[in-house]
Amino acid sequence: MRIVGVGAGGHAAVVLDAVLLSGGYEVACLVERDPALVGGSVLGVPVRAQDELVALREAGVEAAFVGVGGVGDMRVRARVLALLRELGFALPAIVHPAATVAASATLGEGAQVLARAVVNPRATIGEGAIVNTGAIVEHDCAIGACAHIAPAAALAGDVRVGDGAHVGLNASVLQGRTVGAGAIVGAGAVVTRDVPDGVTVTGVPARS
């Protein structure tokens, strides 16, 4: 299957690496809005202008991935996902071959599970969500659309993370807690109580 990635920054490189290692894809190119990046390459893959997406789809490129990450504001990622869907691209879940995903877990369209991440039984990863390098999503967790579980973050069992939320680098969320939609859990924080929608918490224990 031929695939194109949107974005040419750091997160795009990480996802592209997972795509190249997983096999089954022929990467046509990356596309990017920043003219300073167009004409370059990432991991040997050429970077073209984002306005070429329609032509790429018409030329038979079937699938796409979102290489736009984000810390705290995942709306750009959600807009790119919606654009790709509107243009008719398939949005496969991307799983790095060094990740572990339980057979009973569910991955939504465009979800990304990166190197050494763990998604355990009955967990649900929403469309466009990121489970980044070395993150742990325990049993029965539910991760919302375009949420980001950052590198080395750990969610205990039955945690709920809302749409567009961000659980920061090396943060921990205790069993059964909820992180609301659009909320931000700072790096290294320990969530012992539910976090409301749109609230930022930091520290140990995490407070707003």
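**Entry 1. The loop between β10 and β11**

I began with Arg-122, which I found in the loop between β10 and β11. The model I am reading is a predicted one. Arg-122 is not a glycine, yet its phi is positive, at about 65 degrees. I noted the background to this: most residues other than glycine have a negative phi. I then looked up the accessibility of Arg-122; the value is 54%, and the residue counts as exposed because the cut-off for that class is over 50%.

I turned next to Asn-120, whose place is also in the loop between β10 and β11. Is Asn-120 buried or exposed? Its relative accessibility is 19%, so Asn-120 counts as buried, the limit being under 20%. The side chain of Asn-120 makes a polar contact of 3.0 Å with the side chain of Glu-138. Beyond its neighbours within four places in sequence, Asn-120 is in contact with Ala-102, Ala-105, Val-137, Glu-138 and His-139.

**Entry 2. Asp-140**

I followed His-139 to Asp-140, since a polar contact of 2.8 Å joins their side chains. I located Asp-140 in the loop between β13, residues 136-137, and β14, residues 142-143. I then listed what Asp-140 touches, leaving out residues up to four places away in sequence. The list holds Pro-121, Arg-122 and Ala-123, together with Asp-158, Val-159 and Arg-160. Arg-122 of the first entry thus appears again, as a residue touched by Asp-140.

**Entry 3. Ile-125**

I moved to strand β11, residues 124-125, in which Ile-125 lies. How is Ile-125 classed by its relative accessibility? The value is 1%, and for that reason Ile-125 counts as buried. Setting aside residues up to four places away in sequence, I recorded that Ile-125 touches Thr-106, Leu-107, Gly-108, Ala-111, Val-119, Val-131, Val-137 and Ile-143. I looked up the spacing to one of these, Thr-106: the C-alpha atoms of the two residues are separated by 6.1 Å, and the residues are 19 apart along the chain. Val-137 is touched by Ile-125 and is also in contact with Asn-120.

**Entry 4. Backbone angles elsewhere**

I checked Arg-116, which lies in the loop between β9, residues 112-113, and β10, residues 118-119. Its phi is near 65 degrees, a positive value in a residue other than glycine. With 66% relative accessibility, Arg-116 counts as exposed.

I also looked at Pro-205, found in the segment after β23, residues 200-201. The peptide bond between Val-204 and Pro-205 is cis, with omega at about -5 degrees. For background I noted that most peptide bonds are trans.

**Entry 5. The whole chain**

I ended with the chain as a whole. I read off three helices and 23 strands. The radius of gyration is 17 Å, close to the 17 Å that the globule rule gives for 208 residues, so the chain is as compact as a globular protein of that length. Along the principal axes, the C-alpha atoms fill a box of roughly 50 × 35 × 30 Å.

How many of the 208 residues count as buried? The share is 46%. The accessible surface comes to about 8800 Å², and carbon and sulfur atoms account for 53% of it. Taking contacts between residues at least 6 apart in sequence, I found that 29% join residues at least 24 apart. Lastly, I recorded 14 positive and 18 negative side chains; the centres of the two sets lie 6 Å apart.

Definitions and conventions. Residues are numbered from 1 along each chain as its sequence is written. This is a predicted model: local features need pLDDT of at least 70, side-chain atom pairs count only at pLDDT 80 or more; totals for chains, interfaces and linings use all residues. Side-chain values use heavy atoms; hydrogens and water are left out. Helices (H or I, at least four residues) and strands (E, at least two) are DSSP runs, numbered from the N terminus. The radius of gyration is taken over C-alpha atoms; the globule rule is 2.2 Å times the number of residues to the power 0.38. Buried means under 20% relative accessible area, exposed over 50%, partly exposed in between (1.4 Å probe, protein chains only). Contact means heavy atoms within 4.5 Å. Accessible areas come from the Shrake-Rupley method with a 1.4 Å probe; for residues, only the protein chains shown count as cover. Lys and Arg count as positive and Asp and Glu as negative; His and the chain ends are not counted. The place of a charge is taken as NZ of Lys, CZ of Arg, CG of Asp or CD of Glu. A polar contact is a pair of N or O atoms within 3.5 Å; within protein, one must be able to donate a hydrogen and the other to accept it, and residues adjacent in sequence count only if both atoms are side-chain atoms.
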